[in-house]
Amino acid sequence: MTAVPRLVVAAPSSGSGKTTVATGLMAAFSERGLTVSPHKVGPDYIDAGYHALAVSGSGPVRRPGRNLDAYMCGPELVGPLFAHGAEGCDLAVVEGVMGLYDGAAGQGELASTAQVAKLLRAPVVLVVDASSQSRSVAALVHGFVGYDPDVRVGGVILNKVGSERHEQLLRDALEECGVQVMGVLRRSDGVATPSRPLGLVPVAERHADALAATRALAEHVRAGCDLEALLALARSAPPLDAPAWDPVAALGGGPGRDERRPVVAVAGGSAFTFSYAEQTELLAAAGADVVSFDPLRDDGLPPRTAALVVGGGFPEVYAPELSANEELRRAVATLAHSGAPVAAECAGLLYLARSLDGRQMCGVLDADARMTDRLTLGYREAVAIGDSSIAEAGTRARGHEFHRTALQPSSGTYPAWGIVRPERRMEGFVRRGVHASYLHTHWAATPEFAARFVERAAAAAERA
């Protein structure tokens with residue numbers, strides 16, 4: 001049983017201020033001395049990075065922001081993954097995705113904030129952009145409160161309120177429909193976070209500014225919200241009957257203690273910021289010594305590297321620097337050509353390509369990448385076409401695509417995945433030990449990926 005007080009921050013639609021409120025609450029409660037567990041509904045990596053900064057500040061303890069994705073991991077894992085992340089915490093704050101009832105397209109409530117709130121038995125506070133309405137706010141909130149009686153909307157935070165007169169009109173309207181106003185936030189340009197076409201600029205690219213921004217959000221939320229009422233609402237959540245997810249248990253038990261742990265290098269730094277904490281936890285539980293490195297700064301792979309993981313991010317922003325680091329590009333190519341296991345997702349796929357916007361990359365794959373104006377976004381169902389370093393042929397997985405690039409060709413002689421939903425196509429590359437694809441996957445749903453990958457890393461280390 002998990003009895004951690006918890007609160008879901010939701011909204012009627014995207015752009016209402018969920019990230020502002022959720023991140024500000026995480027920071028404000030952390031500054032009060034509470035140990036806060038940060039969570040994000042859906043596949044978003046960037047918001048989770050701001051959440052981690054909000055609860056850690058500049059201190060030595062780093063608690064990762066964790067994603068709760070009922071599509072990629074299945075509804076049955078939402079509770080256990082939440083309990084794993086929130087273990088030992090005083091409070092958990094969960095930021096929703098899109099509108100409260102929006103989920104995977106055409107699949108009902110699946111992966112919606114509402115579904116996750118119900119799975120967690122967590123109360124919801126609704127963030128409403130009130131900038132262009134007054135009494136109509138009552139009709140809006142009334143509709144969201146009554147739409148699904150199993151979703152408990154415990155309060156409202158009014159965002160972008162223009163004046164005291166505007167605030168009073170809004171409060172009077174909501175008093176009529178019986179929903180408690182737990183916060184009123186004035187319009188403010190001082191709490192804006194810079195963004196670009198694919199979302200907010202990640203924390204790793206602006207750490208000092210991002211830290212200052214989270215502190216400003218904490219002050220903004222503290223000044224406008226009733227923190228005691230919000231904490232009381234979080235504490236009203238009943239116990240959650242969900243055993244905490246455990247990476248060792250997910251793998252069916254850990255490796256022998258006397259086994260030598262192969263080094264799995266994981267790309268990080270400003271160019272490769274997208275990863276789920278559970279992936280490295282599974283790699284370590286499977287017997288790997290996980291070592292991070294920064295392709296923008298390091299001129300070689302970590303010593304004794306036997307396998308490589310290159311996740312998502314924004315390599316197009318740093319293409320000149322990545323291309324200029326010739327020593328590391330050669331080291332990556334040498335490792336890949338040796339047959340060592342390499343797992344690359346999205347940005348990692350581009351880094352392994354021959355070129356990106358005309359600049360030389362690692363040349364592991366016979367493909368060239370370029371930026372486009374077209375956004376590719378959405379959940380995918382996929383099946384492994386052949387055996388690879390992470391999956392056996394026929395393995396089914398769910399993932400997410402999120403990019404504005406195109407690859408020519410889009411798949412190799414041996415594709416990584418066959419996409420079966422929402423459309424049917426081949427995608428990605430399998431070559432020797434390399435598995436490279438646009439598809440972001442959550443390995444908590446497929447822990448066998450980590451076991452298989454580390455097993456091949458150990459074999460590569462033996463050969464070396």
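Here is a short tour of this structure, going from the whole chain to its cysteines.

**Whole chain.** Keep in mind that this is a predicted model. Show the protein chain as a C-alpha trace and turn it along its principal axes: the trace spans about 70 × 45 × 45 Å. The radius of gyration is 23 Å, which agrees with the value near 23 Å for a compact globule of 464 residues.

**Cartoon view.** Switch to cartoon, and you can look for 14 helices and 22 strands. Next, display contacts between residues at least 6 apart in sequence; 77% of these join residues at least 24 apart.

**Surface.** Now turn on the surface of the protein chain, which exposes about 18700 Å². Carbon and sulfur atoms supply 48% of that area. Of the 464 residues, 58% count as buried. Colour the charges next: there are 44 positive and 52 negative ones, and their mean positions lie 2 Å apart.

**Cysteines.** Finally, select Cys73, Cys346 and Cys362. How many disulfides are there? The count comes to zero. Start with Cys73: its sulfur is 18 Å from the closest cysteine sulfur, that of Cys346, so the gap is too far for a bond. A disulfide would need the two sulfur atoms within 2.5 Å. Then move to Cys362, which is in no disulfide either; here the nearest cysteine sulfur, again in Cys346, is 15 Å away.

While these side chains are on screen, is Cys73 buried or exposed? Cys73 is buried, with a relative accessible area of 5%. Cys362 also counts as buried, at 8% relative accessibility.

Conventions. Residues numbered from 1 in each chain as written. Predicted model: local features only at pLDDT ≥ 70, side-chain atom pairs only at ≥ 80, totals over all residues. Heavy atoms only, no water. Buried < 20%, exposed > 50% of the residue type's maximum accessible area, 1.4 Å probe, protein only. Helix = DSSP H or I, 4+ residues; strand = E, 2+ residues; numbered from the N terminus. Rg over C-alpha atoms; globule rule 2.2 N^0.38 Å. Contact = heavy atoms within 4.5 Å. Areas by Shrake-Rupley, 256 points an atom, 1.4 Å probe, with all protein chains shown as cover. Lys, Arg positive; Asp, Glu negative; His and termini not counted. Charge placed at Lys NZ, Arg CZ, Asp CG, Glu CD.
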